Amino acid sequence: MKGRRRRLAHWQRWWVAVSLISAEAAVRRTAPADRLHCLWALVGDEQKPFAVDLADEVERIRLLWGLHDVQQHVRHWLAALDSPHMATGELADQAKKLERDIEEAAEVLRQVRAGAPIDETALPCTGAPRPADLLAARQRGDVHEVGQRFERRLMSWDTARLAPPTRWTVTAHPHRRYEAEREDGLRVWAWSALPTALESELATWNPRPGPVKVTYSSERPTQLPDQFGATQHEMEHSIPSCHSLDFDVYDAVYHRGPHAARLVQALETLRGTLRHEAVEEFVTDRLAELNAQCPQLPHLELDPVRHEPSHSYTSAVDWVDAATIVRTPDHKAWGTIDRRGPRAGAVWIPEAVHQWLDTEDVAAKLLKSLLGGPVQLHRIPGPAGPLHTLTVDGTHRTHLWRVLGLEKILAYVENVPLPIRLSPLDFATKGAAKEGTDQDEAQAAIWQGLLNKGIVRGTLDMPGFTYSPLELHSVPAVWLLYPPRQAAAYGRRYAELYPGAWEEAGIPAEAFTTAETWTTWAAGDGA
């Protein structure tokens, strides 16, 4: 056929293979420098090494990847030539940079050919773009496309009209850092890739997730960043953390509202009713009750889309309902804290109760307990309020608070952002490898059912395909998209903590009775 290379006969292919095997064996017996000359003789001369068809994009991409492999060998050879006679480390570093540049050029060319978005305004007006120009245009194209997805997410919140818009005032700082204040005084510190990403996250910080009305104290940022993910400088200086906040922030939240005074009153009441000799029995009975009625929940992977850069980091200091903390790092059972010596749960918790009974100044001890080092939580939004999981600091205090039945605890809270896109493959586990196909098909059926019911708002890239990615706009609680065992466990606990919330969201609470009942309801056609 015209335009195609003639296929070699079988005996010719066999002869070429035998010749190459023989040549390889002979070359291996030669000196390394002679091997290189053989390589150059094989691929072509210096003036015109390849006869490249400029119209064949696939061949050009393949050649770039081949040159990347050659450059990788060059780097290794230069590093191996380093000796007391000559230091070749600098040459090896330069070779490594070129190797990376070739890799970037090949990859960006592959992405453009595959139809990935590009921002043509970032390309030069005349002449062919350099690899750096094409890479910048690709990154800006991604930013523009993701920005459109967040616009659709905000529109989804607005059209759902789950509640009247909550008012937020936002101050924008350099390097995509923000401070936001909710109309009731809650302050949120954030880094966000785009203003629309921040605003969609603020929607989940509402008392009930829903539409927001955001007012910027200065001008709303409009210039698109050069890349979507956080830069190294932003990771080091703009991402909020519990240690980046002044003590005054924690102190102000501690003294805001009646929560501290109510805790003092509850502890004073305990001191008047609980005697030292009854502490051991009290702790034992409370732990038995907690572990029977509200055991810690199974692990919930809070970052299932590990290949997707985080679009937002948002956090706040707030008083949290202790009952909504459903999992801690020591999750085997309440009261079981895997430490040695006096920090072990069986030793520390009764001793802590004795100390609270003995203290002369309950208010001062409470202040020191909560402000001496912040309890750190992950916040998982739900339709009527959040659930929380403990991250690092605060295990002992959280277990103690549950034992004592104290309602509120002061914590540094990091919100779990909604992923932009999800796929059933994001939840695949090694343990489920043998039954992976059935599990993935069930997961896809649940997602399709929730979309059909209007519980989840979003778009499937390829409806009917098991592994179709889902562009997520809104969902009452992100765990509804998780495997049925986790969705049912978290759904049951949520129904206990927020009675009636599921019914308001359009889901009967009994659907979460078991993983099977959840699968049947979510994937079914009925309401």
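Start with the aromatic residues: a search of this whole predicted model turns up 12 aromatic pairs. Select Trp191 and Tyr313 to see one of them. Their ring centres are 6.0 Å apart and the planes meet at 55 degrees, so this pair is tilted. Trp191 belongs to strand β3 and Tyr313 to strand β5, so far along the chain from each other that 122 residues separate them. Check the surface around each: Trp191 is buried at 0% relative accessibility, while Tyr313, at 29%, is partly exposed.

Now jump to Trp479 and Tyr490. Here is another tilted pair, with 5.9 Å from centre to centre and 40 degrees between the planes. Trp479 sits in the loop between β12 (470-474) and α15, and Tyr490 is in helix α15 itself, 11 residues apart in the chain. Buried or exposed, Trp479? Buried, at 0% relative accessibility. Tyr490 is buried too, also at 0%.

Keep those two selected and add Tyr494, Tyr498, Trp502, Phe512, Trp518 and Trp521. Together with Trp479 and Tyr490, these residues make up one aromatic cluster.

While you have rings on screen, look for arginines sitting over them. Arg379 lies over the face of Trp205, 4.4 Å from the ring centre. For another case, pick Arg402 and Trp334: the arginine is over the ring face, at 5.2 Å from the centre.

Next, switch to cartoon and find the open sheet. It has 9 strands with mixed pairing, and you can trace them in the order β4-β1-β2-β3-β5-β9-β7-β8-β6. Which strands stand at the edges? They are β4 (212-216) and β6 (325-327); each has a single partner strand, so one side of each is left without a neighbour in the sheet. Rotate the view and follow the twist: neighbouring strands are turned by 35 degrees against each other on average, direction ignored.

Zoom in on the β6 edge. β6 pairs with strand β8 (residues 387-390) in the parallel sense, over 2 bridges. Pick Ile325 and you will find His388 of β8 standing opposite. Then bring back α15, which packs on the sheet here, touching β6 and β8; its direction makes about 120 degrees with that of β8. For another helix on the sheet, select α8 (residues 247-255): this one lies across β3 (187-192), β5 (312-321) and β9 (408-415), running at about 40 degrees to β5.

Go back to α15, which spans residues 484-497, and click on Arg493. What is the relative accessible area of Arg493? The value is 8%, so Arg493 counts as buried. Show the side chain: one of its polar atoms lies 2.5 Å from the backbone oxygen of Pro295. Leaving aside residues up to four places away in sequence, Arg493 touches Cys294, Pro295, Leu297 and Val326.

Last stop: the loop between β1 (166-173) and β2 (177-182), where you should select His175. His175 is not a glycine, yet has a positive phi of about 60 degrees. Arg176, in the loop between β1 and β2 as well, has a positive phi of about 60 degrees too, again without being a glycine. Turn on accessibility colouring for this pair of residues: His175 comes out partly exposed at 44%, whereas Arg176 is buried at 12%.

Conventions:
Residues numbered from 1 in each chain as written. Predicted model: local features only at pLDDT ≥ 70, side-chain atom pairs only at ≥ 80, totals over all residues. Heavy atoms only, no water. Helix = DSSP H or I, 4+ residues; strand = E, 2+ residues; numbered from the N terminus. Buried < 20%, exposed > 50% of the residue type's maximum accessible area, 1.4 Å probe, protein only. Polar contact = N/O pair within 3.5 Å; in protein donor to acceptor, adjacent residues only side chain to side chain. Contact = heavy atoms within 4.5 Å. Pairing = 2+ DSSP bridges. Axes fitted to C-alpha atoms, helices over the stretch in contact; angles between N-to-C directions. Phe/Tyr/Trp six-rings, centres within 6.5 Å; stacked < 30°, edge-to-face > 60°. Lys NZ or Arg CZ within 6 Å of the ring centre and 35° of its normal.
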